[in-house]
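I opened this notebook to record what I looked up about helix packing, burial and salt bridges.

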Amino acid sequence: MIGVQDFCGHYDWTFEYIRRTFGENALQRYWSEAVAFDSQSHAFDLISRKGFDGMAEYWGHTLTQEEAGYAITRTDDTFRIDMHECPSKGFLLQNNLEAYYDYCAHCMGWIAPVAQRAGFTIDHEHNHCGQCWWELRREGSAPSPDAARAAGEHNVEAREDWKRGERHTYRDCRQVDSP
C-alpha cells in the first residue's frame, strides 16, 4: 500500500497526461468511471447502503488515514465536510507539483457520480489552496443554511485565508463558474 504523499504527484501527472493526450472529456470519464466505480466502489457501497452513516464511515476513515485537517458536521438533512488542510493538494503546493491546472476538481469528478447514483446531490467549493467545503443532501431536497451554521468554528469559509485562492463553486453537482 502506498501512502498519500506517494500517490499525489502520480495522480496529478496522470490527470495532466490524460487531458493532454486524450482531452478534457476523457479525464472527466476517467474520474466518473474508473475512479468512482472501479477504485472507489467501496465508497459507493457504503454511501448507497448507509447514507450519511456510510459517508461518516468512508470519510472518517480515509481523511483520518490521510491525516487531513477536516471537520464533519451532520444535520438532519445535510452531511458537511470542511477541509482546512487537504493533504493531497497541500503536498502538491509544498513541492511545486502542479501539472494539472485544476487538481481539486478530481474530487467532484468521482464523488459526484457516486453521490448521484446513491441518491444524493452535492454543493461544493474549493479554493485551490488545500481548502474546501462539501454539503451532501438527498437528491431533490433544498440546500439548508443550517449545515454551514452548524459547522460553527469549523466552517472553512470563515477563515481569513479562505478567499486568497481562486474558488470554484458547484451546486447540485454542477460547476456554476468557469474553470
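Before noting handedness I fixed the convention: a crossing is called right-handed if the near helix is turned clockwise from the far one by less than a right angle, and left-handed if it is turned anticlockwise. I also kept in mind that the model is a predicted one.

**Entry 1, α3 with α6.** I looked up the pair formed by α3 and helix α6 (residues 105–117), and the crossing is right-handed. The two helices pack at an angle of about 35°, with their axes 9 Å apart. On the α3 side I noted A43, F44 and I47, which meet W110, V114 and R117 of α6. Sorted by class, this contact has 5 nonpolar residues, no polar ones and 1 charged residue.

**Entry 2, α3 with α4.** I then turned to helix α3 (residues 41–50) and helix α4 (residues 52–65), whose axes come within 6 Å and cross at roughly 150°. Because angles over 145 degrees count as roughly antiparallel, α3 is described as roughly antiparallel to α4. The contact brings H42, A43, L46, I47 and K50 of α3 against F52, D53, G54, M55, E57, Y58 and W59 of α4. I recorded its residues as 7 nonpolar, 2 polar and 3 charged.

**Entry 3, α5.** How many residues of helix α5 (residues 87–94) are buried? I found 6 of its 8 residues buried, so that the helix is mostly covered, and the buried ones are P87, S88, K89, G90, F91 and L92. After α5 comes N96, which has a positive phi, near 50°.

**Entry 4, salt bridges in α1.** The count for the model comes to 16 salt bridges, and I followed a few of them. E16 pairs with R19, with the closest N and O atoms 2.5 Å apart, and also with R20, where the corresponding distance is 3.6 Å. R19 and E16 both lie in helix α1 (residues 4–22), 3 residues apart, whereas E16 and R20 are 4 residues apart in that helix, about one helical turn. I noted E16 as buried, at 8% relative accessibility, R19 as partly exposed, at 27%, and R20 as exposed, with a relative accessible area of 58%.

**Entry 5, R80 and E157.** R80 forms a salt bridge with E157, the closest N and O atoms being 3.3 Å apart. R80 lies in strand β2 (residues 79–85) and E157 in the loop between α7 (146–151) and β5 (168–171), so the pair ties together parts that are 77 residues apart in sequence. R80 is buried, at 0% relative accessibility, while E157 is partly exposed, at 30% relative accessible area. Through shared partners, salt bridges join R80, D82, E135 and E157 into one network.

Key. Residues are numbered from 1 along each chain as its sequence is written. This is a predicted model: local features need pLDDT of at least 70, side-chain atom pairs count only at pLDDT 80 or more; totals for chains, interfaces and linings use all residues. Side-chain values use heavy atoms; hydrogens and water are left out. Axes are lines fitted to C-alpha atoms, for helices over the stretch in contact, and angles run from 0 to 180 degrees between N-to-C directions. Angles under 35 degrees count as roughly parallel, over 145 as roughly antiparallel, 65 to 115 as roughly perpendicular and the rest as oblique. Contact means heavy atoms within 4.5 Å. Ala, Val, Leu, Ile, Met, Phe, Trp, Tyr, Cys and Pro count as nonpolar, Asp, Glu, Lys and Arg as charged, and the others, Gly among them, as polar. Buried means under 20% relative accessible area, exposed over 50%, partly exposed in between (1.4 Å probe, protein chains only). A salt bridge is a side-chain nitrogen of Lys or Arg within 4 Å of a carboxyl oxygen of Asp or Glu.
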